[in-house]
Amino acid sequence: MSLPRVAILISGSGSNMVSLVQAMQGGAVAADPALVLSNRPEAGGLARAGTLGVETAVVDHKAYPDREAFEAAMLERLHAAQPDVICLAGFMRILTPGFVGAWEGRMLNIHPSLLPLFPGLHTHARALEAGMAVHGATVHQVIADLDAGPIVGQAVIPVEAGDTPQTLAARLLPVEHRLYPRALDHFLSGDKAPLALL
Ligand code: GRF
């Protein structure tokens, strides 16, 4: 039986992408990394994916007149790679309902907060401003609303005295790297109960 094919969409350094690819290549997640696609040609993750032997592609949003044209180009590139699942991993473009609808139920995202708290940007600063005792990350299915959709898994870290947005982000990122492969595996298993990494 062939393994599910996973395409990973990135915009930046791609550290979550690396953890997903390594988990698939190491056998911890029974899936194949089919493609790493970036909307930014300068994304550091492209070289890291190449080093891991994964096919890469760039669809530069700046080269298209509008979101629909950009997404049509992405869809064309994605269809060529035949993914069963798309993982957004630090992908910093808002997707239209049309694109999301085409992949609904087959697209995951990782967000650096305990959703439904703090959707959007600056999650670490907002968690500190809110006086949170804990912070965390969420892997969720992507729906048309931003940073919403069924939760696949969450990981929690304590907020420590003296934390800044930077220290909190730095402590959360390695936890994200553990969460995303576990959540992908959980999602592929078909288990609908959300996974907790405490
Ligand atoms: C992660 O914190 C992720 O949760 C957020 O953007 C960051 C991406 O980092 N959406 P990387 O590109 O995976 O290194």
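**Entry 1: the shell around the ligand**

I began with the classes of residue around the ligand, and I counted three nonpolar, five polar and one charged residues in this shell. I note for the record that I am working from a predicted model. The residues that make up the shell are Ser13, Gly14, Ser15, Asn16, Gly90, Ile110, Pro112, Leu173 and Glu176, and I should remember that glycine is placed in the polar class here.

**Entry 2: polar contacts of the ligand**

I then looked up which atoms of the protein come within 3.5 Å of a nitrogen or oxygen atom of the ligand. In the side chain of Ser13, an N or O atom is 2.7 Å from an oxygen atom of the ligand. For Ile110 I found that a polar atom of the backbone is 3.4 Å from a nitrogen atom of the ligand. Glu176 brings a polar side-chain atom to 2.6 Å from an oxygen atom of the ligand. I also checked the cover over the ligand, which exposes 370 Å² when taken alone, and of this area the protein buries 81%. As to where the shell comes from, the elements that give it two or more residues are α1, spanning 15–25, and α6, spanning 165–189.

**Entry 3: the pocket**

Which pocket does the ligand take up? I find that the ligand occupies the space of the largest pocket, for which the computed volume is about 990 Å³. This pocket is lined by 36 residues, and those closest to its centre are Gly90, Phe91, Met92, Ile110 and Pro112. The elements that give two or more residues to the lining are α1, β5 (107–111), α5 (123–129) and α6. I sorted the lining by class as well, and it divides into 16 nonpolar, 14 polar and six charged residues. Gly90, Ile110 and Pro112, which I listed among the residues around the ligand, are also among those closest to the centre of the pocket.

**Entry 4: backbone geometry**

Last, I went through the backbone for uncommon angles, bearing in mind that most residues other than glycine have a negative phi and that most peptide bonds are trans. Between Leu115 and Pro116 I found a cis peptide bond, with omega at about 10 degrees, and Pro116 itself is placed in the loop between β5 and α5. Is the phi of Gln82 positive or negative? Gln82 is not a glycine, yet its phi is positive, at about 55 degrees. I located Gln82 in the loop that runs between α3 (67–81) and β4 (85–88).

Notes
Residues are numbered from 1 along each chain as its sequence is written. This is a predicted model: local features need pLDDT of at least 70, side-chain atom pairs count only at pLDDT 80 or more; totals for chains, interfaces and linings use all residues. Side-chain values use heavy atoms; hydrogens and water are left out. A residue is near a molecule or strand if one of its heavy atoms lies within 4 Å of it. A polar contact is a pair of N or O atoms within 3.5 Å; within protein, one must be able to donate a hydrogen and the other to accept it, and residues adjacent in sequence count only if both atoms are side-chain atoms. Accessible areas come from the Shrake-Rupley method with a 1.4 Å probe; for residues, only the protein chains shown count as cover. On a 1 Å grid over the protein atoms alone, a cavity is a set of points where a 1.4 Å probe fits but cannot get out, and a pocket is an open set with protein on both sides within 12 Å along at least five of seven lines; lining residues have an atom within 4 Å of a point. A molecule sits in a cavity or pocket if more than half of its atoms lie within 2 Å of its grid points. Helices (H or I, at least four residues) and strands (E, at least two) are DSSP runs, numbered from the N terminus. Grid points are joined across faces, edges and corners, and a volume is the space filled by probe spheres set on the points.
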